[in-house]
Amino acid sequence: MEDDVHLQTAIEAALEDEGLQPAIAATGEEAVTLLKSDLSDFRALVVDIRLLGRIDGWEVARAARRIDPNLPVVYITGAAAERWETQGVPSSVLLKKPFAPADLVTVIRQLLDNGSSGEP
């Protein structure tokens, strides 16, 4: 989920080109609802830190990890990278904007294939 519509569209297309099926949420609350509805369909979470609504990306990831402690998490942000070490969930990855959608695809593939990730 991404707060910039143009970047979201590019990310969605790049993921689909790789055979992944993204589920897009407009707000943090919608994302948490999607995660709670049927997490078995989700293989990874990609979340912007700044989202519409009352729930930010940090909380979306924490909610996701309460549901599935092993779910790979990729944060994307242009302004909150310095908070990753204190706010990010363990074994997550952070991509700073601007980045190419292909970079995100590479990170997701690595997480799914290797089960490895970055750290806060």
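1. The protein chain exposes about 6,600 Å², of which carbon and sulfur atoms supply 49%. Of its 120 residues, 40% count as buried. The model is a predicted one, with a mean pLDDT of 87 for the protein chain and 89% of residues at 70 or more.

2. The protein chain contains 5 helices and 3 strands, arranged along the sequence in the pattern α-α-β-α-β-α-β-α. Among these elements, α3 has the highest mean pLDDT (95), whereas helix α1 (residues 5-17) has the lowest (87). As for contacts with a separation of 6 or more, 61% are between residues 24 or more positions apart.

3. The largest nonpolar core has 20 residues. Those with the most contacts inside this core are Leu-45, Val-47, Trp-58, Val-60, Ala-61, Val-73 and Tyr-75. Two or more residues come from each of α2, β1, α3 and β2, and α3 gives the most, with 5 residues. Apart from this core lies another, of 16 residues, including Val-93, Leu-95, Leu-104 and Ile-108. In soluble globular proteins, nonpolar side chains tend to be buried together.

4. Helix α3 merits separate attention. Its buried residues are Gly-57, Trp-58, Val-60, Ala-61, Ala-63, Ala-64 and Arg-65; the list thus includes a charged residue type, Arg-65, alongside nonpolar ones such as Val-60. The cover over the buried residues of α3 includes α2 (28-37), β1 (45-48), β2 and α4 (84-87). Ala-61 offers an example of contacts beyond its neighbours within four places in sequence: Leu-45, Val-73, Tyr-75 and Val-89 are in contact with this residue.

5. A search of the whole structure finds 1 aromatic pair. Trp-58 and Tyr-75 form this pair, which is tilted, with 4.8 Å centre to centre and 55° between the planes. Trp-58 belongs to helix α3 (residues 57-67) and Tyr-75 to strand β2 (residues 73-77), so the pair ties together parts that are 17 residues apart in sequence. Both Trp-58 and Tyr-75 are buried, and both are listed among the residues with the most contacts inside the largest nonpolar core.

6. The start of α3 also shows a polar approach to Trp-58. There, a side-chain oxygen of Asp-56 reaches to within 3.2 Å of the backbone nitrogen of Trp-58. Trp-58 therefore combines this approach at its backbone with its part in the tilted pair with Tyr-75, which ties α3 to β2.

Conventions
Residues numbered from 1 in each chain as written. Predicted model: local features only at pLDDT ≥ 70, side-chain atom pairs only at ≥ 80, totals over all residues. Heavy atoms only, no water. Phe/Tyr/Trp six-rings, centres within 6.5 Å; stacked < 30°, edge-to-face > 60°. Helix = DSSP H or I, 4+ residues; strand = E, 2+ residues; numbered from the N terminus. Buried < 20%, exposed > 50% of the residue type's maximum accessible area, 1.4 Å probe, protein only. Contact = heavy atoms within 4.5 Å. Polar contact = N/O pair within 3.5 Å; in protein donor to acceptor, adjacent residues only side chain to side chain. pLDDT = per-residue confidence, 0-100. Areas by Shrake-Rupley, 256 points an atom, 1.4 Å probe, with all protein chains shown as cover. Core = buried A, V, L, I, M, F, W, Y, C linked by side-chain atoms within 4.5 Å.
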